[in-house]
Amino acid sequence: MVDNPTPRQLVVVGGGMVARRLVDALRARDTAGQWAVTLLCEEPRAPYDRVALTSYFTGRDPEDLALGGQELWDDPLVTLRRGVAATAVDRRSKTVATSDGRVLPYDSLVLATGSYAAVPPVPGKDLRGAFVYRTIDDVADLRTYVEQLRTELGRPLRGAVVGGGLLGLEAAGALTALDVSTTVVEFAPRLMPLQVDDGGGEALRRLIEALGVSVRTGTATSKVTGRLGRVAGMEFADGDRLEADVAVFAVGVRPRDQLAREAGLEVGERGGVVVDESCATSDPSVWAVGEVACIGGRCLGLVAPGYTMAEVVVDRLLGGGGTFPGADLSTKLKLLGVDVASFGDAFASEPGSLEVVISDPVAGVYKKLVVSDDARTLRGGILVGDASAYAALRPMVGRELGGDPAAHLLPEGAAAAPAGDLPEDATVCSCNNVTAGAIRCSVTDGGCTDIAGVKACTRAGTSCGSCLPLVKRLVTTELEKSGVEVSNALCEHFDLSRAQLFDVVRVQGLTTFSEIIDRHGRGRGCDICKPVIGSILASLGTGHILEGERASLQDTNDHVMANLQKDGSYSVVPRIPGGEVTPEGLISIGEVAKDFGLYTKITGGQRIDLFGARIEQLPRIWRRLVDAGFESGHAYGKSLRTVKSCVGSTWCRYGVQDSVGLAIALELRYRGLRSPHKIKLGVSGCARECAEARGKDVGVIATDHGWNVYVGGNGGFTPRHAQLLAEDLDTETLVRTIDRFLMYYVRTADRLQRTAAWVEDHEGGLDAIRAVVLEDSLGIGADLDDAMAGHVDGYEDEWAAALDDPETLRRFGSFVNAPDQPDDTLVYVSERGQPRPATDSERTGGAVLIAGTTLEVRR
């Protein structure tokens, strides 16, 4: 509610993450409406997550990077002006001139102009094919150039990244995602010289080189060479050369302080607008925050200090006395899939420091703690390859660890970190400056009983999310101390957990949602419990997922047995067990794709994905595929996806077992097995591990004596290596072991819990699971065997069954009153000889494909 009819005017110059945070914080605290805010955003889009820029190369739309929701920009006291830059500040008249010719008055002005990418003064830096890596437009231009050049040259491309720090490795990840062979060139003697020491840098180098990226350290770039006006290579100070088709400069950033300089504000010796502890500049009406602010003699290039500055300025604008508490320069990130973290006095610069180091080059792990000379007080640390201990260790900087410091670097030590003993003033969330005391207070005084409530109350975990494991432990510990039973209820409609509900449904033989909620729940259900019960019923083989009321329980993809794509079309994935397919099968898939105008792509799981199918086409597509001998690949379901394999002893001179035969047998055995989350398996025919089995939920690797089986691996947002469950098993024992592991997981895991998290959370961990699966410690082995046998015997291809049921087929219509009419909002363009969804700009001009027909669209 706005009480002030004439609010004061605040102009914020800059549209980055810190600017967004400042406006958001001001509107959250300014309940009386004292301030009206105008945000000048030079880029043509609202503030977005620059930290996640590389995800743009893995298929994410730029809009996916937007920070927060639209509601902030809909606030009547907030004006967002996109594509508008501030061109001059007149401090005497207190006005800002803008690039669109306007003059905006202000009562207070905040400079949040950030920084720009620095480019070294080397000849050739302006050639076509030379880029910086800073904004969405930068990375979009890079992608466009690479794709066009690859088409033009008709060969694989080579890239070079100048700079081996945070930005440089992000840029290398981007080029790698574009299938460009990449070399990182770093002037310093190691990668990430500001975050890691020599040992960490060497470990990081080995991990990155193992991913196919070349690394040159201690190398100065003297020239970018060209041919026909575009990048052709690089020359180095030592006389060496490198051929390259594209060059990316990522050597650092410089504060964008030109506006402040021209306005006569004080700037630092190395740039940046000088501010005091309140973030005020030499003009008390002007503030500076984020990377452009020079505080304590330096500019800070991390988002967390910028967020703190934003909160300080908001407090000052509302009459408070907030001051900048100092910068927490701790970092935790994933570069090219490699975990890297650095915190506190990572380089042991403080006198009397001791270093405790665990280095395992084989496992690709380097961990170091810096402690006081009595080995009791933590001063800092570096983690490379495994940063799981970061969340628990960083808040302990400056405090006594207790016990052996090395124990905190072991996985079991990180998992058992004593959240209850964390001091009140220890910072848990550095992005939002939230202490352990604030989190405990949100539980004891604020009435928060779950992570969602604590996040909403304190902002902890709402930025990078690295602190969430510790936040969860703090919340659970505080609830238990208060005598509150920590609920594991599925949702507000069921007091049972998913595992408890699974057993109830199984034992009582319930087959419908109505029966289950009448007996054990309340209300009508929700988007949480309905899909869970749908999955449980499918796991127990109680009928087709679209039969009767079960259809209403399914998520979007299961609802039509296909994967929904961003333009509203669907993808179709037939099962190809073990990646083995006959020429006739390939021809059949090709003919279907050609006849229906579908985009085709080989997936990471050795299958063929067909994109662009309209909903009314799905039954016709699947009729053709089923008649050709294919069945559903369940790419849409929380179930077995694929069993990836190498060629093993069938073809490979190194193979010691028939990995293809085993992969096919396992995929045919577990196909259609519904579970709490998707399941992936891999089978490698020798220790060279070409099927990447140790990155799967279940991985099998051949030995001279049989098979080793690994469990609990996954890719995704939080990759996990699978752990060894058993060694040298014969095939019969192997299959029984996997049967029991999977069925035990299906019965006891939580909703949407991958096997990796389930293994970690299981009481007793992997050892307890091993006892259940191999030693039948709970006496349920025969029951698990029977359950899997029932699944195998009762398997039915979901699409084949749907094609024989007229009632189910009626679901597949584009419109209720015109089920066969194509959806003419689906618009495509041709790229590399295949259709893809058109962008907004492509829809407004040029030749496009609409519903399979070439049309000319005129402006």
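The mean positions of the 91 positive and 117 negative charges of the chain lie 4 Å apart. The structure on screen is a predicted model, and the tour below proceeds from the whole chain to individual residues.

**The whole chain**

Display the C-alpha trace first. Along its principal axes the trace spans about 80 × 70 × 65 Å. The radius of gyration is 29 Å, which agrees with the value near 29 Å for a compact globule of 859 residues. Colouring by secondary structure will bring out 26 helices and 41 strands. If a surface is then added, the exposed area of the chain amounts to about 38400 Å², of which carbon and sulfur atoms supply 49%. Beneath that surface, 51% of the 859 residues count as buried. Among contacts in the chain with a separation of 6 or more, 61% are between residues 24 or more positions apart.

**Stop 1: strand β16 and its partners**

Select residues 246-249, which form strand β16, and show the side chains. Which residues of β16 point one way, and which the other? V246 and V248 point one way, A247 and F249 point the other way, and all of them are buried.

Next, add residues 130-132. This is strand β9, which runs parallel to β16 and is joined to it by three bridges. To find the register of this pair, look at F131, which stands opposite V248 in β16.

Then add residues 158-162, strand β10. Four bridges join β10 to β16, and these strands also run parallel. Here the residue to label is V162, which stands opposite F249 in β16.

**Stop 2: a three-stranded open sheet**

Select residues 273-275 for β18 and residues 298-299 for β21, and residues 293-295 for β20. Together the strands form an open sheet in the order β18-β20-β21, with mixed pairing. The edge strands are β18 and β21, each of which pairs on one side only. In what sense do β18 and β20 pair? They pair in the parallel sense, over three bridges. Within this pair, V275 stands opposite I295 in β20.

**Stop 3: the β31-β32 hairpin**

Move to residues 599-602, strand β31, and residues 608-613, strand β32; the two run antiparallel and are joined by four bridges. Label K601 in this pair, which stands opposite D609 in β32. The two strands form a hairpin with five residues between them.

Centre the view on Q606, in the loop between β31 and β32. Its phi is near 65°, a positive value in a residue other than glycine. Is Q606 buried, partly exposed or exposed? Its relative accessibility is 24%, so Q606 counts as partly exposed; the cut-off for buried is under 20%.

**Stop 4: M561**

Finally, select M561, in the loop between α16 (556-560) and β29 (563-564). M561 has a positive phi of about 55°, although it is not a glycine. Why does M561 count as buried? It does so because its relative accessibility is 1%. Returning to Q606 completes the tour: that residue also has a positive phi, of about 65°, and lies in the turn of the hairpin, where it counts as partly exposed.

Definitions and conventions
Residues are numbered from 1 along each chain as its sequence is written. Side-chain values use heavy atoms; hydrogens and water are left out. Buried means under 20% relative accessible area, exposed over 50%, partly exposed in between (1.4 Å probe, protein chains only). Two strands pair if DSSP finds at least two bridges between them. The radius of gyration is taken over C-alpha atoms; the globule rule is 2.2 Å times the number of residues to the power 0.38. Contact means heavy atoms within 4.5 Å. Accessible areas come from the Shrake-Rupley method with a 1.4 Å probe; for residues, only the protein chains shown count as cover. Lys and Arg count as positive and Asp and Glu as negative; His and the chain ends are not counted. The place of a charge is taken as NZ of Lys, CZ of Arg, CG of Asp or CD of Glu.
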